[in-house]
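Please open the structure in your viewer and keep the selection tool at hand. The tour below proceeds stop by stop, naming what to select and then what is found there.

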Amino acid sequence: MLDGSEMSKKMSKETKVFDDRLSERIDELRWLYIELYENDWMFAELIGQMGVFYGDRGEDLKKLDLYREEHRDWYKKNDKLGMMLYADRFSKNLKGVKRHLSYLAEAGVNVLHLMPFFDTPKGESDGGFAVKDFRKVRSDLGEMEDLSDLTAACHRRDICVCSDFVMNHTSDQHEWALKAKTGDGEYMSRYYFFDNEEITRQYDETVPQVFPSTAPGNFSWVEEVNHFVMTRFHGYQWDLNYHNPRVFNEMVYNLLYLANRGVDIIRLDAVPYIWKELGTDCRNLLQVHTIVRLIRLITEIVCPGVLLLGEVVMEPEQVVPYFGTVEKPECHMLYNVTTMASVWHTVATRDARLLRKQIDTVAELPKEYIFLNYLRCHDDIGWGLDYGFLAQFGIEEAAHKKYLNDYFLGIDGYSNSRGEIYNDDPSTGDARICGTTASFCGIEKAVSEKDEKAISKAIDLDVMLHAFMLMQSGVPVIYSGDEIGQQNDYSYKNDPEKADDSRYLHRGKFRWDLEKKRASGKSVEGRLFGRLRELEKIRNKHKAFLSDADVWTENAANESILCVGRYHDGEKIYGVFNFSENEKTAWFDNGGAYRDLLSRKLVPMKEIKLEGYEFRILMEESLPD
Ligand code: GLC
């Protein structure tokens, strides 16, 4: 126990930490806040509350903050491996996830992305993204205490926890929405209400639809108050009005509350959408960047150990600005969405030229920018590719999107894929695709046909794509189940709440029955799990995989083959990937001696023959002087 004077010394030391961080940032914080809101009173309230949240922050988290402040690059190495999962799909609830941490550790995972677990109305939850209460865990998943317990258990194992922060909208059952429905002006002003249909029509002219077929329209009629409310996602997800400083302040408090439960990475869901202006597409507006910068400053003051991950599923020119600048950073991490989509394009076309260009583009960005690399996530894949580049090969956007969807449906391009369409928009001819990595790679078809040769080939493709993912700088993230080749789950069709949303196709329950089979090196599960672990260990071991390594591509003299080089501090590694199902040969001018890090054989970097979907990870041998 500390006595009175020790306690006050400790408190003043702690207050000093907060005060120092605040005084370093207050000018910019105030400037941005007042520019946006012109409201000193609300700004003062914000600062006061930041102090309160800092005071409430646990000792262990404060220690972690100090450590991470001193080691600012703590998340920028080559030792992070993420996995995203829904607690209920994985193991019933938050306690269940805690019980299974040893499995995650065995899979090498040290960044756990827990999909949204907040209270949501049953049947109108959008997979957890329609939040009813930002301070309450959905009852079947547990309680807030379980979250704190889980994050603490993760920290003991050196696992960071990532959580979604659904900041663009609330559920129409959220307390604010319920009060707005009674006609309370204060709460109506937290959303976008219009009694004039003409204005909604004007918005519709410039605002593209997010879910054109499952939830058409950008507005919903609210009978109780005879007004339209803006709902860009589903009708039950009401867009928050960030023009109102009360909304900003309260959402920041919710974010800090979450951070104080031990969450290390906060995923800013749908962040490009948070600011709206009539006459614009209401995406990526300048004020969004002001808000993200404000949040960055606030977290740097209250909880500097916490990282911001922006969910920006946009074309590359729109994604990168969310990093901010090196002097005035916004998000710490962003998704490498275009690379992900380009990978699947490459699978369907067996032509790696677009992917090569994409790797070169990312390689030119400052090395401070950290991307999350992934093959699949809980959402569909939209075909946001560089069609300007593809045009030189005679590829036209609409026809190509159709081809890609048909390929992953398994009906064109000699495909073995199994997938389903998501949100086709008859007005634009656009559509997206859903399915698991394994099903896209042909494992589902091959297993159902009991075709051993096809199974091996599909596993080879699946492993190669993961090897490519691990070749990139940043944080690789596995979608739960992919490590054992989990296939599409069609059972969602029998659930009326989910049947119209094909994203549930790849949100099936984790198959613990199949997981058991991984003990056998002959099973699909065992082969995949084992090969992925081997690759992850190679990534961890070699400094050429550090995020600040040089990255480039090489001409392999074959369109189906992608060659990615990495160099750091005397270590040079090449990844050579054959995206065709047929044997191909890469030709290099290099001639140096390279060690195949998987087979341990010496390989001259000249003529490299690769079986269909084969890849090599080659490290330059340092020859004796
Ligand atoms: C994000 C989520 C997606 C959700 C949407 C609306 O894009 O990833 O699943 O439907 O936000 O919150």
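Begin by selecting Arg246: at 16% relative accessibility, Arg246 counts as buried, because the cut-off for that class is a relative accessible area under 20%. The model on display is a predicted one.

**Stop 1: from Arg246 to helix α2**

With Arg246 still selected, add Glu45. The side chains of Glu45 and Arg246 form a salt bridge, with an N to O distance of 2.9 Å. This pair connects distant parts of the chain: Glu45 belongs to helix α2 and Arg246 to helix α11, which covers residues 245-259, and the two residues are 201 apart.

**Stop 2: Arg30 and Asp40**

Next, select Arg30 and Asp40. Their side chains meet in a salt bridge of 2.2 Å, N to O. Arg30 is located in helix α1 (residues 4-37) and Asp40 in helix α2 (residues 40-56), with the two positions ten residues apart in numbering. How accessible is Arg30 in this pair? Arg30 is partly exposed, with a relative accessible area of 37%. Asp40 is likewise partly exposed, and its relative accessible area is 46%.

**Stop 3: helix α12**

Select residues 286-302, which make up helix α12, and highlight Arg296 and Glu300 within it. These two residues are four apart, about one turn of the helix. Their side chains form a salt bridge of 2.9 Å, N to O. Are Arg296 and Glu300 buried or exposed? Both are buried; for Glu300 the relative accessibility is 14%, which falls in the buried class because it is under 20%.

Now display the surroundings of Glu300. Leaving aside residues up to four places away in sequence, Glu300 touches Arg21, Arg25 and Glu69.

**Stop 4: a salt-bridge network**

The pairs visited so far belong to a wider set, as the structure holds 53 salt bridges. Select Asp126, Asp379, Asp501, Arg503 and Arg507 together: salt bridges that share partners join these residues into one network. In general, side chains of opposite charge can pair when their charged atoms come close.

**Stop 5: Glu175 and Tyr187**

Move to helix α8, residues 175-181, and select Glu175. Glu175 counts as partly exposed, at 46% relative accessibility. Add Tyr187 and measure between C-alpha atoms: the model places them 9.2 Å apart, although the two residues are twelve apart along the chain.

**Stop 6: the loop after α22**

Select His542, in the loop that connects α22 (524-541) and β18 (550-554). At 8% relative accessibility, His542 counts as buried. Which residues does His542 touch, not counting residues up to four places away in sequence? The contacts are Asn78, Glu571, Ile573, Leu597 and Met619. Of these, Glu571 deserves a distance label: the C-alpha atoms of His542 and Glu571 are separated by 8.0 Å, with their positions 29 residues apart in numbering.

**Stop 7: two positive phi angles**

Select Asp569, in the loop between β19 (561-568) and β20 (571-578). Asp569 is not a glycine, yet its phi is positive, at about 45°. Asp569 counts as exposed, with 54% relative accessibility.

Then select Tyr613, in the loop between β24 (607-610) and β25 (615-620). Tyr613 also has a positive phi without being a glycine, in this case near 60°. What is the relative accessible area of Tyr613? The value is 7%, and Tyr613 is buried.

**Final stop: the whole chain**

Clear the selection and show the chain as a cartoon. There are 22 helices and 25 strands. Along its principal axes, the C-alpha trace spans about 70 × 65 × 45 Å. The radius of gyration is 25 Å, which agrees with the value near 25 Å that a compact globule of 625 residues would have.

Switch to a surface display. The accessible surface comes to about 25,700 Å², and 50% of it belongs to carbon and sulfur atoms. Of the 625 residues, 59% count as buried. Among contacts between residues at least 6 apart in sequence, 70% join residues at least 24 apart.

Finally, colour the side chains by charge. The chain carries 80 positive and 105 negative side chains, and the centres of these two sets lie 6 Å apart.

Notes
Residues numbered from 1 in each chain as written. Heavy atoms only, no water. Rg over C-alpha atoms; globule rule 2.2 N^0.38 Å. Buried < 20%, exposed > 50% of the residue type's maximum accessible area, 1.4 Å probe, protein only. Contact = heavy atoms within 4.5 Å. Areas by Shrake-Rupley, 256 points an atom, 1.4 Å probe, with all protein chains shown as cover. Lys, Arg positive; Asp, Glu negative; His and termini not counted. Charge placed at Lys NZ, Arg CZ, Asp CG, Glu CD. Salt bridge = Lys/Arg side-chain N within 4 Å of Asp/Glu carboxyl O.
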